[in-house]
Amino acid sequence: MKMILLGAPGAGKGTQAKLISKNFNIPHISTGDILRSNVSQETELGLKAKGYMEAGALVPDELVLSLVKDRLLQEDCEKGFILDGFPRNLQQAKALNQMLQEIKMNMDRVFLLNVDKDEVVVRISGRRFCENCGSSYHISLNPSKLGTSCEVCGEALIQRTDDKKEVVLDRIKVYEKATKPLVDYYRAQGILEEISGSKDIQEVYDTICRDLQAV
Ligand code: AMP
């Protein structure tokens, strides 16, 4: 099963992708996570991407496309994968189609997680992450029992630089302008499924699973 999760920043793509990946045993490919790891390791790609990411802008297509291509060619993607945060614009979507054709694959499903803009801002500005084990929290919606430390490993929780309120609004604008047109693009291909992302995590996940069973 090959699928894409579409939605504004904070719509819950990462959370759902992690659940799907674990339960369906397919890799979760988050371009944001791959880029962040390159930034923290100060690789050539990371150094090029850093400024765009901190400003809430898209990293240039050629950098992202090359990392996605390398990732899709890895063996664990043969039985399927879930893309989170990619494609982010029409050029990337077209390039992805091309890549899949070359490796004789096709996209099965695109889930659009719909969440109101106001809710997205609240969700993102309260997000906290553990850099050590990847656990995620929200200061009011899902707080760590250990306050500002991770419940799983005890490390200090951090806020992503681009989750700060001033950058969040720019990221939402980028979503509206560059990414939203993909909704019509995938709807026209008959593989788009719209889901309310405002429900609780389990309900959203159950809706995705019901749809996947019907594919
Ligand atoms: P995310 O974790 O998906 O919210 O991504 C964080 C940041 O990484 C974005 O604001 C962009 O700067 C960059 N990024 C992630 N995925 C892409 C992509 N497909 N194309 C361009 N930039 C991306």
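These legends describe an overview and several close-up views of a predicted model.

**Figure 1. Overall fold of the protein chain.**
The secondary structure of the predicted chain comprises nine helices and eight strands. Its radius of gyration is 17 Å, close to the 17 Å from the globule rule for 215 residues, so the chain is as compact as a globular protein of that length. The C-alpha trace spans about 45 × 40 × 35 Å along its principal axes. Of the 215 residues, 46% count as buried. Among contacts with a separation of 6 or more, 69% come from residues 24 or more positions apart.

**Figure 2. Surface and charge of the protein chain.**
The exposed area is about 11300 Å². Carbon and sulfur atoms supply 49% of that area. The chain carries 29 positive and 31 negative charges. The mean positions of the two sets are 2 Å apart.

**Figure 3. The aromatic pair Tyr 185 and Tyr 186.**
A search of the whole structure finds one aromatic pair. Its members are Tyr 185 and Tyr 186, with ring centres 5.0 Å apart. The ring planes meet at 80°, so the pair is edge-to-face; the cut-off for that class is over 60 degrees. Tyr 185 and Tyr 186 are both buried.

**Figure 4. Arg 171 in helix 7.**
Helix 7 covers residues 165-179 and holds Arg 171. The relative accessibility of Arg 171 is 9%, so this residue counts as buried. Residues up to four places away in sequence are not counted in the contacts that follow. Arg 171 touches two other arginines, Arg 127 and Arg 160. Asp 162 and Asp 163 are also among its contacts. Pro 9, Gly 56 and Ile 124 complete the list.

**Figure 5. Ser 125 in helix 6.**
Ser 125 belongs to helix 6, residues 117-125. At 22% relative accessibility, Ser 125 counts as partly exposed; the cut-off for buried is under 20%. Outside its neighbours within four places in sequence, Ser 125 contacts Gln 159 and Asp 163. Asp 163 is also touched by Arg 171. Val 168 is 43 residues from Ser 125 in sequence, yet their C-alpha atoms are 7.6 Å apart.

**Figure 6. Ser 30 in strand 2.**
Strand 2 runs over residues 28-30 and includes Ser 30. Ser 30 has a relative accessibility of 6% and therefore counts as buried. Its contacts are Arg 36 and Asp 84, with neighbours within four places in sequence left aside. Leu 5 and Ser 30 are 25 residues apart along the chain. Their C-alpha atoms are separated by 10.0 Å.

**Figure 7. Gln 202 in helix 9.**
Gln 202 sits in helix 9, residues 201-214. With a relative accessible area of 45%, Gln 202 is partly exposed. Gln 202 and Gln 16 are 186 residues apart in sequence. In space, the C-alpha atoms of this pair are 8.9 Å apart.

**Figure 8. The cis peptide bond at Pro 87.**
The bond from Phe 86 to Pro 87 is cis. Its omega is near -5°. Pro 87 lies in the loop between strand 3 (81-84) and helix 5 (90-102). Asp 84, a contact of Ser 30, is the last residue in the range of strand 3.

**Figure 9. Positive phi at Asn 25.**
Asn 25 is not a glycine, but its phi is positive, near 55°. The residue lies in the loop between helix 1 (13-24) and strand 2. Asn 25 has a relative accessible area of 54% and so is exposed.

**Figure 10. Positive phi at Glu 42.**
Glu 42 also has a positive phi, about 55°, without being a glycine. Its loop connects helix 2 (31-40) with helix 3 (44-54). The relative accessibility of Glu 42 is 59%, so this residue counts as exposed.

Methods: Residues numbered from 1 in each chain as written. Predicted model: local features only at pLDDT ≥ 70, side-chain atom pairs only at ≥ 80, totals over all residues. Heavy atoms only, no water. Helix = DSSP H or I, 4+ residues; strand = E, 2+ residues; numbered from the N terminus. Rg over C-alpha atoms; globule rule 2.2 N^0.38 Å. Buried < 20%, exposed > 50% of the residue type's maximum accessible area, 1.4 Å probe, protein only. Contact = heavy atoms within 4.5 Å. Areas by Shrake-Rupley, 256 points an atom, 1.4 Å probe, with all protein chains shown as cover. Lys, Arg positive; Asp, Glu negative; His and termini not counted. Charge placed at Lys NZ, Arg CZ, Asp CG, Glu CD. Phe/Tyr/Trp six-rings, centres within 6.5 Å; stacked < 30°, edge-to-face > 60°.
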